[in-house]
Amino acid sequence: MVSTLAGSASGYTDGTGTSAKFAYPSGVAVDGAGNVYVADGSNHRIRKITASGVVSTLAGSAYGYTDGTGTSAKFKNPYGVAVDGAGNVYVGDYNNHSIRKITLSAGSAETTETITANVCDSYTSPSGKTWTTSNTYSDTIPNTAGCDSVITVNLTVRYKSSFSFAETVYETFTSPSGKTWTNSGTYLDTIPNDVNCDSIITVDLTVINKLFVDTDGSSGTGKSWGTSMKTLDDAIKVANATGNHAEIWVRKGMYYPGGQSSSNRDSAFLITNPNVELLGGFSGTETEPGQRNQTANPTILCGDIGTTNDSSDNVYHVLIIAPNGSDIGPNFKLDGLTFKNGNADGSTKIHLRK
Ligand SMILES: [Ca+2]
């Protein structure tokens with residue numbers, strides 16, 4: 001049965017188990033307490049692995065030759081390693097052509113290191129302590145030689161969770177996991193994370209799909225009466241682009257395809273979205289279509305472009321409904337609108353204005 005005590009990809013990282021990295025480790029040796037010493041060749045360091053898999057750097061730093069303590073010492077591609085009964089470590093220092101000796105200073109903390117851990121729900125430290133909340137912890141790992149290791153654990157704990165929230169959006173909602181919904185409803189979604197600590201969310205979704213148009217208003221985004229769009233052309237363009245059920249609420253006033261000053265007789269309000277509700281007769285304060293007084297607030301779609309009261313330059317068609325490749329949908333509706341002054345006196349086929 002083979003298992004991995006420590007290490008993963010090539011690199012240099014102290015840590016626990018497979019979160020630690022080595023670069024071409026060669027010799028290994030084990031002391032009486034179960035600590036493993038590794039000649040970490042291409043990192044030019046001697047690494048120590050405790051019996052519970054915590055990897056630290058015993059000695060060495062950059063490529064070189066320096067005697068000293070801990071990381072102030074330097075090796076060149078250490079290759080072999082051995083440990084005696086007193087805990088002294090001997091290193092075959094390959095490219096320094098020398099045998100190096102590492103003595104342990106008894107009586108003081110042997111190693112101090114920091115572990116960063118991201119876990120799901122709980123974390124068990126090398127000494128057996130279990131923590132369930134994110135924090136910075138200190139832990140002491142005793143060993144039989146009395147040379148304790150003191151570790152600092154920067155712990156981030158994430159929890160398997162489920163939670164609900166209500167969301168009101170315009171047209172579409174993209175969930176944290178990337179799903180997109182375009183209709184009101186209650187949806188379940190699973191958000192995975194990098195420590196396999198999934199969150200299950202329930203979204204109570206309200207999708208608003210109204211566009212507000214007011215020829216006397218400002219050129220807004222159309223999401224409310226206060227931010228209405230100025231032209232019906234723009235609102236229809238937005239509704240056509242989605243293909244979703246969209247209501248266009250048009251305040252009282254005169255609306256000309258392409259604008260009153262246009263000279264293009266082929267201009268028309270062109271609806272290609274088969275699920276549009278085009279509603280007129282609003283005063284600009286309503287929250288429900290049933291509140292309209294269409295007689296008092298006429299919404300007029302007018303083809304009298306160019307010279308006013310001269311029909312010879314008017315548009316051929318005020319409104320064209322041409323859903324792309326389908327019939328109109330169940331939501332399609334025209335209501336509360338007055339059409340006038342189209343002049344279909346042309347002799348050719350309809351030219352659709354896109
Ligand atoms: Ca005219």
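Two strands pair if DSSP finds at least two bridges between them. This is a predicted model, and the tour starts from one such pair.

**Stop 1: strands 19 and 20.** Select residues 210-213, strand 19, and then residues 246-251, strand 20. The two strands run parallel and are joined by four bridges. Pick Val 213: its bridge partner in strand 20 is Val 250.

**Stop 2: the whole sheet.** Add strands 23 and 26 to the selection; the four strands form an open sheet with parallel pairing, in the order 19-20-23-26. Strand 19 and strand 26 (333-335) are the edge strands, each pairing on one side only. On average, neighbouring strands here are turned by 15° against each other, direction ignored.

**Stop 3: helix 1.** Select residues 232-242. This helix lies across strand 19, strand 20 and strand 23 (276-282), and runs at about 175° to strand 20.

**Stop 4: around Val 250.** Return to Val 250 and show its contacts, leaving aside neighbours within four places in sequence. They include Val 213, Leu 232 and Tyr 255. Leu 279, Gly 280, Phe 282 and Thr 299 are also in contact with Val 250.

**Stop 5: the cores.** Val 250 also belongs to the largest nonpolar core, which has 28 residues. Val 250, Leu 211, Val 213, Ala 235 and Ile 248 are the residues with the most contacts inside this core. Strand 19, helix 1, strand 20, strand 22 (269-271), strand 23 and strand 24 (299-302) each give two or more residues to the core. Finally, select Leu 58, Val 81, Val 89 and Tyr 123, which are among the 24 residues of a second, separate core.

Note on methods:
Residues numbered from 1 in each chain as written. Predicted model: local features only at pLDDT ≥ 70, side-chain atom pairs only at ≥ 80, totals over all residues. Axes fitted to C-alpha atoms, helices over the stretch in contact; angles between N-to-C directions. Contact = placed C-beta atoms within 7 Å. Core = buried A, V, L, I, M, F, W, Y, C linked by C-beta atoms within 7 Å. Buried ≥ 20, exposed ≤ 12 C-beta atoms within 10 Å, placed from the backbone.
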